[in-house]
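Please look through the sequence and the structure shown here, and then follow the paragraphs below, which go from one region to the next.

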Amino acid sequence: MRGLRASAVLLTIVLATALSSGPSTPAVAGPADPEPASLVTLSVPDLAAMERLVASGADLTERVRPQPDGSIQIDAVVTPSQLAGLRSLGATLAPGSPSESRPAQERTTARDQIVVERAVWFKSRDGYFLSVEASSGAGAAATLSVTWKGRRGSTGQAPMVPYVDAGAYLGHQLSTPVPATDQPQWVTVTSAGGGSAEARVREWPDGERPDRTGPGYQKDFVSQYMPPAQLNERIKALHRRFPQLTDIITLPNPTNGYRRHAQALIGAPPGAAVVVTSGAYGSEGGNDLAVELVTPGAPDRPLQVTVNGKQITVSLATDGSGVVTSTAAQVAAAISGAPGSPVKASTYRTDPGAGVMAPAPLTQLSDFLQAPADVSRRPMPVLALRIGVHRDGSRPGVLAYAQEHAREWVTPLVTIEAAERLLRNHARDAATRRLLRSTDVFIVPTVNPDGANYSFYDFNSQRKNMTNHCPPQQSDPALRNTWGVDVNRNYAVGSLSDGYFGASANCQSGTFAGPAEHSEPESRNVIWLAQKYRNIRFALNVHSYGGYFMWPPGAYKLDGRVTLPRPTAAQEAYFLRSARTIEEAIAAERGTVTWPQQTGPVTDVLYSAAGNSADELWYDYGVFGWDFEVGSDLWNPATGQWEGVGFQPPFSEGHEEAMEFASGLIALIGVAADHREAR
Ligand SMILES: [Zn+2]
């Protein structure tokens with residue numbers, strides 16, 4: 001019951017200071033304007049509430065942090081009215097400081113059997129940290145804590161949190177890695193119910209050291225966030241510069257395009273308003289249309305619609321004394337039914353439209369898109385850059401694809417930086433030559449260019465593509481920021497329609513799966529690559545943020561938490577061993593260590609994501625399908641807290657993330673070069 005009032009105050013602050021690198025919204029919001037959205041940290045009391053949050057289709061980020069008191073914090077993009085809805089699901093804004101966290105509940109447990117599953121230390125640029133995972137015979141009810149001894153006699157102590165997902169107890173862990181003054185050597189996990197276990201602390205990630213690069217190795221090729229047109233120009237320029245080493249592949253499914261139908265909201269919602277929508281896209285004539293509602297100024301006139309070129313004039317009906325009688329429903333029907341009408345009209349949302357319409361001055365329709373005119377409104381080609389000495393299918397292929405989610409601006413830079421490094425260093429670096437001789441790399445910098453344009457120019461929190469599948473009652477212009485399909489829920493394995501959890505059938509949801517599997521060109525393009533180039537054996541789906549490295553399974557059915565089939569033990573070992581090699585390369589860049597508890601199968605370390613691409617690649621095409629969440633939390637020594645970096649950090653931070661995860665991608669290409677049948 002911690003204060004709703006406090007949360008409301010916090011909301012005000014968060015909204016006032018919210019990330020706002022997108023275009024400004026109009027000073028005075030009207031009924032046609034979307035609500036502002038903010039990136040906030042939500043707190044839910046327990047896993048059941050977390051599941052309700054996921055099931056609600058809330059626009060959640062990948063940053064999930066269990067807390068010592070059993071609650072869970074997760075970052076989400078919400079509008080004020082969505083936040084009000086989420087409160088009814090038990091979510092509140094997370095308190096600003098740890099001192100506000102709830103006191104731990106009293107728990108009584110029987111004497112307890114403890115197993116230390118994993119105890120590791122790592123050294124990041126901020127010093128030593130400890131991560132411990134353990135399980136208790138008493139399950140989630142156990143209260144566990146860990147003490148440790150360090151190399152130089154230092155000691156420390158921290159509480160552990162139970163990790164329960166979809167009703168299944170997965171063990172206890174430290175909420176986040178805890179700082180240690182020197183290298184921890186031994187841990188003891190103790191249960192409040194009696195019982196303890198001791199374990200030696202191993203190093204993490206302790207993978208193979210990255211290949212030594214030759215003198216003069218070049219890197220650092222990205223200098224700003226790039227919208228889609230610039231990304232495409234960049235890989236075309238690389239192809240022109242290195243024609244012997246590259247091909248440009250135009251994927252077969254152009255996107256729908258950065259375009260929308262033009263609209264106007266006329267009248268006074270909800271009862272006396274109509275939403276007018278052009279048949280043509282705004283850029284193809286829709287924006288030139290205009291609608292006016294006039295009163296005939298005479299009694300007993302019928303409702304009439306006249307289409308005169310680009311102008312639609314509605315003459316409202318009057319009664320015997322000349323008073324207007326046309327309701328919104330009647331006006332909407334008349335506009336839609338007028339012969340040759342270039343627009344359709346509907347009443348406002350679910351309102352039946354019984355209110356009488358007032359005359360309205362000539363109103364221009366708009367697609368509300370704010371990108372400069374040189375940003376194409378046409379269907380957009382999605383491009384892949386193929387890199388390798390032998391691009392004939394004889395080498396193991398690696399597919400790296402980024403920006404399924406539009407707002408993840410760092411992710412294309414990871415692929416561009418890696419492509420530049422591979423090509424620019426081919427002539428001077430033996431390790432790079434080995435990679436280009438022994439692998440066949442496919443890089444798709446932006447899977448979802450339409451959404452990316454929308455994120456750059458209109459609504460920086462856009463996650464989905466731009467295609468609106470909503471019915472008219474969910475399609476008035478103020479809702480335009482909620483439309484689109486979550487590309488990474490639109491795939492065909494472990495999907496929503498197969499009964500898997502973590503996608504939504506609601507067209508306005510952040511995780512809308514689309515009207516059908518593969519309904520979207522964006523997802524069909526990714527699968528086309530796997531179908532066409534059967535030598536692709538490795539794939540990296542680049543997302544942000546939170547600092548994860550994951551692999552299948554990525555979805556389960558909620559009832560019984562039945563996951564997609566687990567890889568075999570040998571395959572799991574291969575996934576993990578490769579992950580440690582790749583994470584070593586990431587850490588070598590600036591000391592960013594991917595946490596052990598964020599390295600593993602998606603379902604174990606994050607949440608269920610029905611219909612994601614890595615699962616389809618793995619289960620249907622035998623491709624080792626990995627997911628990066630670039631943008632690891634940053635340690636704040638002043639507060640002693642890990643802090644999330646967000647989708648569009650200042651470029652200085654985005655640049656660092658691109659550098660380190662490009663090193664990770666190149667390490668994955670190294671894993672492919674070393675690959676001997678692991679399946
Ligand atoms: Zn994402």
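A residue is called buried when its relative accessible area is under 20%. In this predicted model, that definition applies to several residues of helix H2, which covers residues 47-55: Leu47, Ala49, Met50, Glu51, Leu53 and Val54 are its buried residues. What do the buried residues of H2 pack against? Their partners are strand S1 (38-44), strand S2 (60-66), strand S3 (72-78), helix H3 (80-87) and strand S9 (161-165). At the start of H2, the backbone nitrogen of alanine 48 is approached to within 3.3 Å by a side-chain oxygen of aspartate 46, while after the helix comes glycine 57, with a positive phi near 80°.

The next stop is the metal site. Which protein atoms are the donors of the zinc ion? They are ND1 of His405, OE atoms of Glu408, which is listed twice, and ND1 of His543, and they lie 2.1 to 2.6 Å from the zinc ion. Written along the sequence, the spacing of the donor residues is H-x2-E-x134-H. The angles among the four donor atoms run from 54 to 138°, and the site of the zinc ion is classed as irregular. Because a tetrahedral site needs all angles to lie between 85 and 135 degrees, this range of 54 to 138° does not fit that class. Histidine 405 and glutamate 408 are both buried.

Glutamate 522 is another residue to find, and it belongs to helix H9, which spans residues 521-532. Is glutamate 522 buried or exposed? Its relative accessibility is 1%, so glutamate 522 counts as buried. Leaving aside residues up to four places away in sequence, glutamate 522 touches Thr255, Val447, Asn448, Asp450, Asn465, Val487 and Tyr491. With asparagine 465, the side chain of glutamate 522 makes a polar contact of 3.2 Å. The C-alpha atom of glutamate 522 is also 9.5 Å from that of leucine 251, although these two residues are 271 residues apart along the chain.

The aromatic rings come next. A pair of aromatic rings is described by the distance of the centres and the angle of the planes. Counting rings whose centres lie within 6.5 Å, the model has 25 aromatic pairs. In one of these, the ring centres of tyrosine 545 and phenylalanine 647 are 4.9 Å apart and the planes stand at 85°, so the pair is edge-to-face. Tyrosine 545 lies in strand S26 (residues 536-546), whereas phenylalanine 647 is in the loop between strand S33 (641-643) and helix H13 (651-673), so this pair ties together parts that are 102 residues apart in sequence. Tyrosine 545 is buried, with a relative accessible area of 1%, and phenylalanine 647 is buried as well, with a value of 3%.

Tryptophan 551 and phenylalanine 575 form a stacked pair, with 5.4 Å from centre to centre and 5° between the planes. Since tryptophan 551 is part of strand S27 (residues 548-551) and phenylalanine 575 is part of helix H10 (residues 569-590), the pair ties together parts that are 24 residues apart in sequence. Both tryptophan 551 and phenylalanine 575 are buried, and both belong to one aromatic cluster, whose members include Phe538, Tyr574, Trp618 and Phe661. Elsewhere, rings are found with charged groups: the charged end of arginine 259 sits over the ring of tyrosine 281, 4.0 Å from the centre, and lysine 123 lies over the face of tyrosine 128, at 5.6 Å from the ring centre.

The last stop is the backbone. Most residues other than glycine have a negative phi, and most peptide bonds are trans. Against that background, the peptide bond from tryptophan 204 to proline 205 is cis, with omega near -5°, and proline 205 is found in the loop between strand S14 (202-203) and helix H4 (228-241). Proline 269 and proline 270 are also joined by a cis peptide bond, with omega about 5°. Glutamine 403 has a positive phi near 60°, and it lies in the loop between strand S24 (397-402) and helix H6 (410-424). Arginine 349, which is not a glycine either, has a positive phi of about 50°. Glutamine 403 counts as buried at 1% relative accessibility, whereas arginine 349 is partly exposed, with a relative accessible area of 30%.

Key. Residues numbered from 1 in each chain as written. Predicted model: local features only at pLDDT ≥ 70, side-chain atom pairs only at ≥ 80, totals over all residues. Heavy atoms only, no water. Helix = DSSP H or I, 4+ residues; strand = E, 2+ residues; numbered from the N terminus. Buried < 20%, exposed > 50% of the residue type's maximum accessible area, 1.4 Å probe, protein only. Contact = heavy atoms within 4.5 Å. Polar contact = N/O pair within 3.5 Å; in protein donor to acceptor, adjacent residues only side chain to side chain. Donors = N, O, S within 2.8 Å, 3.2 Å for Na, K, Ca; no water. Tetrahedral: all angles 85-135°; square planar, octahedral: opposite > 155°, others 65-115°. Phe/Tyr/Trp six-rings, centres within 6.5 Å; stacked < 30°, edge-to-face > 60°. Lys NZ or Arg CZ within 6 Å of the ring centre and 35° of its normal.
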